[in-house]
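Colleague: I am new to this structure and would love a guided close look at one part of it. Could you pick a helix and walk me through what surrounds it?

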Amino acid sequence: RALSPNLKAKKSKLQCEKHQEELKLFCETDKILVCLNCATAREHKSHGLMLIEEAIEFYKEQVKSSFQSLTEKESEIQKTEQKQKERISGVREESHNLQSLITSQFAELHQIFTEKEQRLLGDIREEEKKIVKRMKKNL
């Protein structure tokens, strides 16, 4: 049933379109406002009814409770998100440190191998000179 404000009324109260009476009750089953005539009619007779003020307080408390619960969950989610961001930052930092270490160690190994290569090549050249000198002497 649609609600229509009675513009002729001194107070701006909602009225029942069917009975032109003030809507004073809330039908919990249908979640609508009803007048006293509608409340006793067959359509709402077996439904749970309460005064509008009681319904307002009831649903206000439900909304307040839900809002508080959602606020707490949001806070938990933000904390979890912050922890995850810190973990991601830690992983990136550790990865960067490992990459630097690997690059550094390979540079050292490269230097060691280059020096070893030069020594061995030098040793071979020296050995070559000695052998060639002996062979020339035997000519």
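Modeller: Happy to: what follows is a walk along one helix, with the sheet beside it and the loops around that sheet. Please keep in mind that this is a predicted model.

Let us take helix α2, which covers residues 52–137. A good place to start is the sheet that helix α2 packs on, where the helix touches β3, β4 and β5. That sheet is open and has 3 strands, in the order β4-β3-β5, with antiparallel pairing. At its edges are β4, residues 32–34, and β5, residues 49–51, and each of these pairs on one side only. Neighbouring strands are turned by 40° against each other on average, with direction ignored. If you look at how the helix is laid against the sheet, the direction of α2 makes about 95° with that of β5.

Now look at the pairing of β3 and β5. Strand β3 spans residues 25–27, and 3 bridges join it to β5, the two running antiparallel. One residue to find here is L25, whose bridge partner in β5 is L51.

Next, let us follow the charged side chains on the helix. Within the cut-off of 4 Å between a side-chain nitrogen and a carboxyl oxygen, the count comes to 2 salt bridges. As background, side chains of opposite charge can pair when their charged atoms come close.

Take the pair K60 and E57: their side chains meet in a salt bridge, with 3.5 Å from N to O. These two residues are 3 apart in helix α2, so about one helical turn separates them. How open are they to the surroundings? K60 counts as partly exposed, at 47% relative accessibility, and E57 is partly exposed as well, with a relative accessible area of 42%.

The other pair is K85 and E81, whose closest N and O atoms are 3.6 Å apart in their salt bridge. Here the two residues are 4 apart in helix α2, which means that about one helical turn lies between them. K85 has a relative accessible area of 49% and is partly exposed; E81, with 42%, is partly exposed too.

Charged residues are one part of the picture; nonpolar ones are another. L98, L101, I102, F106, L109, I112 and F113 make a nonpolar surface patch of about 720 Å². Let us single out L109, which lies in helix α2. Its relative accessible area is 40%, so L109 is partly exposed, and a residue needs over 30% to be part of such a patch.

Finally, what about the loops around the strands? In the loop between β2, residues 14–16, and β3 you will find Q20. Q20 has a positive phi of about 55°, although it is not a glycine. The loop between β3 and β4 holds K31, another residue that is not a glycine yet has a positive phi, here of about 60°.

E17 also sits in the loop between β2 and β3, and E17 is partly exposed, with a relative accessible area of 38%. If you would like a distance to try in your viewer, go from E17 to I56: the two are 39 residues apart in sequence and 22 Å apart in space, C-alpha to C-alpha.

To retrace the walk, begin where helix α2 packs on the sheet, go on to the salt bridge of K60 and E57 and that of K85 and E81, and end at the nonpolar patch that includes L109.

Notes: Residues are numbered from 1 along each chain as its sequence is written. This is a predicted model: local features need pLDDT of at least 70, side-chain atom pairs count only at pLDDT 80 or more; totals for chains, interfaces and linings use all residues. Side-chain values use heavy atoms; hydrogens and water are left out. Two strands pair if DSSP finds at least two bridges between them. Axes are lines fitted to C-alpha atoms, for helices over the stretch in contact, and angles run from 0 to 180 degrees between N-to-C directions. Contact means heavy atoms within 4.5 Å. Patches are made of residues with over 30% relative accessible area and no salt bridge: like charges are joined within 9 Å, nonpolar side chains (Val, Leu, Ile, Met, Phe, Trp, Tyr) within 5 Å. Accessible areas come from the Shrake-Rupley method with a 1.4 Å probe; for residues, only the protein chains shown count as cover. Buried means under 20% relative accessible area, exposed over 50%, partly exposed in between (1.4 Å probe, protein chains only).
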